[in-house]
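Hi,

Here's the structure I promised to pass along. Have a look at it first, and then read on for what turned up.

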Amino acid sequence: MLASLLASFRRRPPAAKASRTGALVALLSAGRPRWTPRDYASLAREGYARNAIAYRAVRLIGEAASAVPLLLMAGRQEMETHPLLDLIRRPNPRLAGSSFMEAVCSHLLVAGNAYVEAVAVDGRLRELHILRPDRVRVVPGPDGWPEAFDYTLGADTVRIPQDSLVAGAEVPPILHLTAFNPVDDHYGFAPLEAAAQALDLHNAASAWNKALIDNAARPSGALVYGGSGALTDEQFERLKGELEASFQGAVNAGRPLLLEGGLDWRPLSLTPKDMDFEAARNSAAREIALAVGVPPLLLGIPGDNTYANYAEANRVLWRQSVVPLVRRVADALSSWLGPAYGGGLALVPDLDQVEALSAERTELWARIGAADFLTDAEKRAATGYGD
C-alpha cells in the first residue's frame, strides 16, 4: 500500500523524480533526530477534529489565505508569465495552488510547523509536495543548525540531507516553516497549543452536556437509606445495577423511580449562577479564537454582534492574521525557490484582488488621487504600481 501511495506522485514512467520520500531508502548519518516535544496527533484530534471553534477558526484563516493571489516580481517589474508562477499555481498533479496555500497555512496553525519537499523531473524543478508534520523530524548538525530531516512512514524512514541540493534546481530539498517558538530552536509553537487548556474546557463542557442529556437532562441525586443499619454489599450492588439498567440513559428519560425499603431520593442540583456554565464555555471558545487569530465575533460567539462590528472584525482578521501569514509563506517560498530561476524574484500577495480590503484600497486611491503635488508616476508608485 505504501509503494502504491508514493507511486501515485509519478507522472509517467520515463520521468525519474529525485524525491527522497518516494524512494523511502534509509540513508546513514551520524546525526540523531530531535523529537518534537508535543503530540501533534493528539493536538490535531482534540483541537481540530473534535472542537468546532478551533476547526472553524483554522479553516477560516486557511481558506482566506488560499484566496489571495500571488504576484511574481523581478525588482519593481511584475512577471506575468514565468515557470515559478506555473509551479505555484499547480504545485503537483493532486493539488492546485489554492489548496497548497491552505494546507501550508493550516499546518502552521495546528502544528506550528509546515514542511514542503521540492521534486525534480528530468533535472528541472517541477513539483512541490507537502509533508505531514508528524512524519518529519529535524536532525541537528554539530553546529546546531538542521543538517537533515527524517521522514517516517510506517516502519520505513528516509533521511533527507539539506546539503544535497535538488538535481538541476540548486535548492535544498526541504523547506521548513515554523511559527515563532521562544523555547525551542528547531520546532515552531502551534497556536492551538497555546489554547490547550481552553480546548480541554470547551470539549469537557460539550461532553458534560451530552452526558446530561443521556441521563434524562437532569442533574444527579442521592439515594438515602432511612432504615436501621446499613445496606449489605449484595444489596448495594443489586440496587446499583437496577438503577443503571432501568433509570439511566436517554431511553429511560422521565421514567418514574419506584423506591422501597426505606429509600428516599434527594436530587442534587446547582443553580445556573453557581455553575456559570454557559459563560465559562463561551469564555473558552473566545480564548481558542483569539489564540488562532480570529475575532470571536466571526465565529458566532456571543458579544457585540452588530453589522458595523462584523465588518470591522472581518477587516481585523485579514490585516492581523491572514495577510501577515500569506506574506510569510510567500517570502519563504521566494527565498527557497528563487535561486532555481536565477534569483532576484519575489512572490508578493496581490492585496488589490482581496475584496475584504476594498474599502481600504478605495480610501488609499482617494487620498493619493487628491494629492496634486504628486505626478502620475509618483501616484502609481505610492499605490504599489510600476511606471
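One term before we start: a polar contact here is a pair of N or O atoms within 3.5 Å, and within protein one of them must be able to donate a hydrogen and the other to accept it. Also, keep in mind that this is a predicted model.

That term comes in handy for Asn 92, which sits in the loop between α5 (83–89) and α6 (97–110). Is Asn 92 buried or exposed? It counts as buried, because its relative accessibility is 3% and the cut-off for buried is under 20%. Its side chain makes a polar contact with the backbone oxygen of Leu 128 at 2.7 Å. A polar atom of that Asn 92 side chain also lies 2.8 Å from the backbone nitrogen of Arg 94. Leaving aside residues up to four places away in sequence, Asn 92 touches Glu 127, Leu 128 and His 129.

Another loop residue to look at is Leu 297, found between α11 (277–292) and α12 (307–337). Leu 297 is buried too, with a relative accessible area of 17%. Between Leu 297 and Asn 314 there are 9.0 Å in space, C-alpha to C-alpha, and the two are 17 residues apart in sequence.

Then there's the sheet. Three strands make up an open, antiparallel sheet, ordered β2-β1-β11. At its edges are β2 (77–79) and β11 (345–349), each pairing on one side only. On average, neighbouring strands in this sheet are turned by 45° against each other, direction ignored. Strand β1 (residues 70–74) pairs with β2 over three bridges, and Ala 74 stands opposite Gln 77 in β2.

Cheers

Notes. Residues numbered from 1 in each chain as written. Predicted model: local features only at pLDDT ≥ 70, side-chain atom pairs only at ≥ 80, totals over all residues. Heavy atoms only, no water. Pairing = 2+ DSSP bridges. Helix = DSSP H or I, 4+ residues; strand = E, 2+ residues; numbered from the N terminus. Axes fitted to C-alpha atoms, helices over the stretch in contact; angles between N-to-C directions. Buried < 20%, exposed > 50% of the residue type's maximum accessible area, 1.4 Å probe, protein only. Contact = heavy atoms within 4.5 Å.
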